[in-house]
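Please explain how the helices of this model pack against one another, and what happens to the backbone in the loops that join them.

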Amino acid sequence: MDKNLSLDLRTGLPDHLRVLADKYPRDMWQGHPNFNQLTAFWLDRHLMFRKVLDKLIADTQAHLDAKAGPRYGAELSRYTGFFLQELHGHHGIEDAHYFPQFKPLDARVAGAFDLLDHDHHALDAHLHDLANDTNAVLRALQAGHKAQDEAGALLARHEAFQTFLDRHLTDEEEVIVPLVLEYGADMN
Ligand SMILES: [Fe+2]
Ligand SMILES: [Fe+2]
């Protein structure tokens, strides 16, 4: 795969993979007759991942500003665990079901699935780092420290991850949803 299309470097889907994305712009999705419940549910999952990460960022920022409540550590642990587990499961379903189901539908955009598959591997590595940086904060808190350095590093990690995650989710949506609309494909 072209290195410029890696998750860390690209700024959107390349033009040659936008044939259907350009035909079905985002504001057309909901009203289209082929838009269905399962697609809405899948988009909702993406929104949920974005919101949980927003919360983790806001909480860690509050901790750094000494404005976090006493439950910062417990909530950081709980929400990060949820985020890692749910995102891992979400990728697993896409790898095992959605990508193999959607890739053969249209040869013009089949290459997008290689890109999305690469993203999942890249995100896995970033999630590993995010887990490590979260554990460093939790360890420092448990030892009775304020964990300012650790929380600063975690915030930087969260913000980098937010960029990668948003790039992946946005591009993935612009590959999958237009295929649903064009071919009336199911997502089950
Ligand atoms: Fe994905
Ligand atoms: Fe996804």
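Where is the place of Ala147? In this predicted model, Ala147 sits in the loop between H4 and H5, and its phi is near 55°, a positive value in a residue other than glycine. Most residues other than glycine have a negative phi. Ala147 is buried, because 24 other C-beta atoms lie within 10 Å and the cut-off for a buried residue is 20 or more.

A second alanine with a positive phi, about 60°, is Ala66, whose place is in the loop between H2 and H3. Ala66 is exposed, with 8 other C-beta atoms within 10 Å, where a count of 12 or fewer is the condition for that term.

The helices on either side of that second loop may be taken next. Two packed helices are described by the angle between their axes and the distance between the axes. For helix H2 (residues 37–64) and H3 the angle is about 155° and the axes are 10 Å apart; since angles over 145 degrees count as roughly antiparallel, H2 is roughly antiparallel to H3. The crossing of H2 and H3 is left-handed. On the H2 side the contact includes Arg45, Phe49, Val52, Leu53 and Leu56, while on the H3 side Tyr72, Glu75, Tyr79, Phe82 and Phe83 are among the residues that take part. By class, the residues of the contact of H2 with H3 comprise ten nonpolar, three polar and four charged.

From H3 the path leads on to H4. The axes of helix H3 (residues 72–102) and helix H4 (residues 111–142) come within 11 Å and cross at roughly 165°, which means that H3 is roughly antiparallel to H4. H3 passes H4 in a left-handed crossing. H3 contributes residues including Gly73, Ser77, Leu84, His91 and Phe99 to this contact, and H4 contributes, among others, Phe113, His120, Leu127, Thr134 and Leu141. The residues of the contact of H3 with H4 divide into eleven nonpolar, six polar and two charged. Leu76, Thr80 and Leu87 of H3 are named in the contact with H2 and also in the contact with H4.

Beyond the loop that holds Ala147 comes helix H5 (residues 148–183), whose 36 residues should span 52 Å at 1.5 Å a residue. The end C-alpha atoms of H5 are 51 Å apart, which agrees with that expected span. Just after H5, Gly184 takes a positive phi of about 60°.

Note on methods. Residues are numbered from 1 along each chain as its sequence is written. Chains are lettered from A and ligands numbered from 1 in the order in which they are written. This is a predicted model: local features need pLDDT of at least 70, side-chain atom pairs count only at pLDDT 80 or more; totals for chains, interfaces and linings use all residues. Axes are lines fitted to C-alpha atoms, for helices over the stretch in contact, and angles run from 0 to 180 degrees between N-to-C directions. Helices (H or I, at least four residues) and strands (E, at least two) are DSSP runs, numbered from the N terminus. Angles under 35 degrees count as roughly parallel, over 145 as roughly antiparallel, 65 to 115 as roughly perpendicular and the rest as oblique. A crossing is left-handed if the near helix is turned anticlockwise from the far one by less than a right angle, and right-handed if clockwise. Two residues are in contact if their C-beta atoms, placed from the backbone, lie within 7 Å. Ala, Val, Leu, Ile, Met, Phe, Trp, Tyr, Cys and Pro count as nonpolar, Asp, Glu, Lys and Arg as charged, and the others, Gly among them, as polar. The expected span of a helix is 1.5 Å times one less than its number of residues.
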